[in-house]
Amino acid sequence: MSDQDPREIFRTEARDLLEEIEQGLLDLVEGTDDRELVNAVFRGLHTLKGSGAMFGFDALAAFTHHCETAFDRVRKGEVRATPDLITAVLNARDHMRALVEDGAVGREAEGEELLADLHRVLALADGPAAADAADPTTWRIGFSLPANAMVNGINPLALLAELRSLGACEVVASTDAVPMLGELVPTECHLAWTVVLHTAEPRAAIEEVFIFVMDEMNLEIEAIDGVEIVAAEEAEAKVDETALGGQASPGQEGRQAQAEARKGGESVRVPAERLDELMDRVGELVIAQSRLKQLASASTDTALRSVSEEVERLAGELRDTMMVVRMVPISTLFGRFRRLTHDLSRDTGKAIELSTRGEATELDKTIIERLADPLIHLIRNAADHGLETPEQRLAAGKPIEGQLTLSAVHSGAEVVITLSDDGRGIDRAKVRAKAEESGLLAPGAAITDAELLQMIFQPGFSTASAITSLSGRGVGMDVVKRTIEGLRGTIDITSTPGQGSHMSLRIPLTLAIIDGLLVRVGEGRYVIPLAAVEECVELSPEQDARSTGRSMISLRDEFVPFLRLRELFSTNLPSEPHQKLVVVSTGEERVGLVVDQIIGDHQTVIKALSKLHADVETFSGATILGDGGVALILDVAHLVAAGQQLEKRLAAAS
Amino acid sequence: MNQPDANLNAEDLVEVLTFDLRRETFALEAGLVREILDLTAETEVPGAGAFVGAVINFRGKVIPVADLSFAFGLGQREATRDSRIVVVELDLDGDPTLIGLRADKVHEVATLSMAATEAAPRVGMRWRQDYVRCVGRRGGEPLIIPDLACIFAHRGEPGASAAHIHSLH
Amino acid sequence: MTASILTVDDSASMRQAIKVALRSGGFAVEEAVNGAEGLTKAASGQFNLIITDLNMPVMDGLTMIRELRARGSAVGVPILFLTTESDDGIKQQCRAAGATGWVTKPFEPDQLVRIVKKVLGQ
């Protein structure tokens, strides 16, 4: 599919414009009374309106037109950019977005309401801003046109009229070049003009008048000092004076806005699906290269082996490049949260400040998209439950503004994203009570603090006494956890009562390709993500015998719970003599996996399992091996949890 | 009564692929079929259950292999030279999914006249009624048109009754 | 008297867009689908302004502009052509052929009206 629907092209550009408009408005709210910002927002609205009309988004264009008019008044300094006005425009922006994405059907009432609101706020904010007005200047403009100008449709009277629209003018025509009557060709233009113009408009506005004839005429524009202009009738030529209100030149600005919107020619737009396709191809290439490597290593043909190595190197580089291509800075995500915080602050009546760190940290594009909802929920939660009201904060000796800090940093092969708040911290008693009430915890059972906090992620758990519209939208903490785990990541909480809470998400850097340890259990081959592997030790037959029926194995000085994968997978095959113990961990918890053989390292292109296997939690995916066979990828988090369960059960039973 | 539902095109004639599982013959819409494979290296999925106990590599994708004979309680299979895997593309919860269906023997693509089919009988069926869309005839023998959507929605669970009251033969 | 404008473009949607914009600006609009038809219609001498696209079948815009001026079918009538921003060479060519000015695509309706009014001295 090479041609894109023009409406889709517009949608893509519109999204960017709306994003910029929003960011600009948010910056304005934060008190930066910047003329540049106001101009930028105005330009964004202007371009959106124009292009919208162009591509048939009529409702959008009409609606945006009103916002643009309102904002134009801010731009001109007629109206101050009050917080209420900004909020009204922000709401309008959301409506615009809805018009772009979902269409105009059924939105008329909403639009009307927003505009009414906008106008109301506008009336309140009316009053000149302390903006600097442009200084009026006096210009001398001398120009003459080529002889064929009028034949070619250029009307000198139109030019003069346009100059008059810029300000008071004194026009003098020169007939010096006009030939004698006998030689005069009536359609030729031999007049020249000198115009003295007094205007607050910039020089560019004057040049704009002559834009169509600029190349072929003589034109001089000169600023002169303090000459009083009396707007006089044109003496020589009969001029049809049409009174024009003082207008700025929106045409010029429109062009400028378009030029600005189109700059950034260093990048190329690529539809996201193309990137995904490319990624798939690279994945298949890696698989094919793996097979080639196998064939080559079994062959004595040195030329083949050398080419195979070369292909391996190239495939690796291509893969690395693809990884980078799909990487996007997390600032795109963090940017959205500024708006969220602004709205939350307004809705909860709490002053909230969001600070971000590590915005340049890059993540795979798809990961970022999937992180959006969980992070939004966590932020809402922190704003809703974590942060206290201004009164409470004052009473506690804290600054009125609640602090939310979002940070992202690379750590090895992972990205660690943290959200901290300086609120009231998690109430352990409440959590405990709810956990016992939901049957997740036996009353009075001993449990570590970390485990207690993890209860929050259990399905059905919510300490909110009222489900506020903010947090309770069916996106519970358990869904957050599941989403993170779906990204093969982990989520942790720490919290200090009275001081705040700290959520930490660890996500592996890439979704599609990981390094794995290939092992054999019975007749099947399996892959263990290398990042999770702590160590591999040999399991001697004696040790094996000693551990039969037990669930813990002694590793140096420690006991590690372990799982015999052969049993777990019900292979029903006799024991092998040289089993191995692969100790894997999720960072805090460990489990040992007993396998029949460790085959080796394997670079793995992860293939998703179909929905039919979605309930088999032991495996998080599959991969295709060099010989074309399939190896299932073990879900370490699940196995570790299984190991912990086993340990608990045996501990409870003994 | 099971009606031949509107999923099949409204016209009377449908192209179907016919294949055997044990002693029964089944038909499915030829339009669903992507490829017919010889038996190839399979990878068992521990814990997956008998209906979709394995996966295979199909053109670089890892796809499940489903055994309809489990859904219909037809007993154990024995791989023979004629065994095949019929790769179809089905809509699972809104997502187009590639699935390999086991077949003991694949026959021809035939043209089936929907008008000539009957609804599955209410009594005398060994299997879940909702798994059978309708029944036709092929060479005098019954030809079962399974309701794949229903079977997969239930993950091939064979259902309580396996009592032989009648067979269709 | 209402000014009358001739729009020459092979794209129906473009003609429509221009017609709607100009009508809202108070102009009367007539249409032609290529340069040849544009030539014929312009010869009637009734138009105050002509707007033309450049890429058209049968006869393209540049040729039409040249012919109009050469035949004297549109003396003193402003001719605007539609172009994209980066087409500097085209702009020069068209101007040399006798065009008065240009409108850059994409344009918004009131931008178009403004340019038309500018050129007509309104």
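How much area does chain B expose, and what share of it do carbon and sulfur atoms supply? In this predicted model, chain B exposes about 8,400 Å², and carbon and sulfur atoms supply 49% of that area. With this surface in view, the fold of the chain can be described, followed by the fold of chain C and the two contacts made with chain A.

Chain B is built from 2 helices and 11 strands. A walk along its sequence gives the order β-β-β-β-β-β-α-β-β-β-β-β-α. The chain has 169 residues, and 48% of them count as buried. It also helps to ask how far apart in sequence the touching residues are. Among contacts in chain B that join residues at least 6 apart in sequence, 60% link residues at least 24 apart.

Chain C has 5 helices and 5 strands. Its elements, followed from the N terminus, run β-α-β-α-β-α-β-α-β-α. Of its 122 residues, 56% count as buried. For contacts in chain C with a separation of 6 or more, residues 24 or more positions apart account for 62%. The area that chain C exposes is about 4,900 Å², with 50% of it supplied by carbon and sulfur atoms.

Attention now turns to the places where the chains meet. The size of an interface is often given as the accessible area lost when the parts come together. For chain B and chain A, the buried area is about 1,600 Å², and carbon and sulfur atoms give 69% of it. Four strands of chain B, namely E4 (43-44), E5 (54-58), E6 (61-66) and E8 (95-103), each supply at least two residues of the side that touches chain A. E5(B) provides the largest share of that side, with 4 residues. Sorted by class, the side of chain B that touches chain A holds 12 nonpolar, 5 polar and 5 charged residues. In terms of residues in contact, chain B contributes 22 and chain A contributes 16. What about interactions between charged side chains across this interface? The count between chain B and chain A is 0 salt bridges. There are, however, 3 residue pairs in polar contact across the interface of chain B and chain A, both residues of each pair being at pLDDT 80 or more.

The contact between chain C and chain A takes 29 residues from chain C and 31 residues from chain A. Together the two chains bury about 2,500 Å², of which 51% lies on carbon and sulfur atoms. Which residues of chain C lose the most area to chain A? They are Arg95(C), Arg114(C) and Lys118(C), which together make up 26% of what that side buries.

Between chain C and chain A the count is 3 salt bridges. Arg95(C) appears again here, with its side chain meeting that of Glu216(A) in a salt bridge (2.7 Å, N to O). The count of residue pairs in polar contact between chain C and chain A is 9, with both residues at pLDDT 80 or more. Strand E5 (101-105) and helix H5 (109-120) of chain C each supply at least two residues of the side that touches chain A. The largest share of that side, 8 residues, comes from H5(C). By class, the side of chain C that touches chain A divides into 14 nonpolar, 8 polar and 7 charged residues.

Conventions: Residues numbered from 1 in each chain as written. Chains lettered and ligands numbered in written order. Predicted model: local features only at pLDDT ≥ 70, side-chain atom pairs only at ≥ 80, totals over all residues. Heavy atoms only, no water. Contact = heavy atoms within 4.5 Å. Buried area = accessible area lost by both parts, 1.4 Å probe. Salt bridge = Lys/Arg side-chain N within 4 Å of Asp/Glu carboxyl O. Polar contact = N/O pair within 3.5 Å; in protein donor to acceptor, adjacent residues only side chain to side chain. Nonpolar A, V, L, I, M, F, W, Y, C, P; charged D, E, K, R; others polar. Buried < 20%, exposed > 50% of the residue type's maximum accessible area, 1.4 Å probe, protein only. Areas by Shrake-Rupley, 256 points an atom, 1.4 Å probe, with all protein chains shown as cover.
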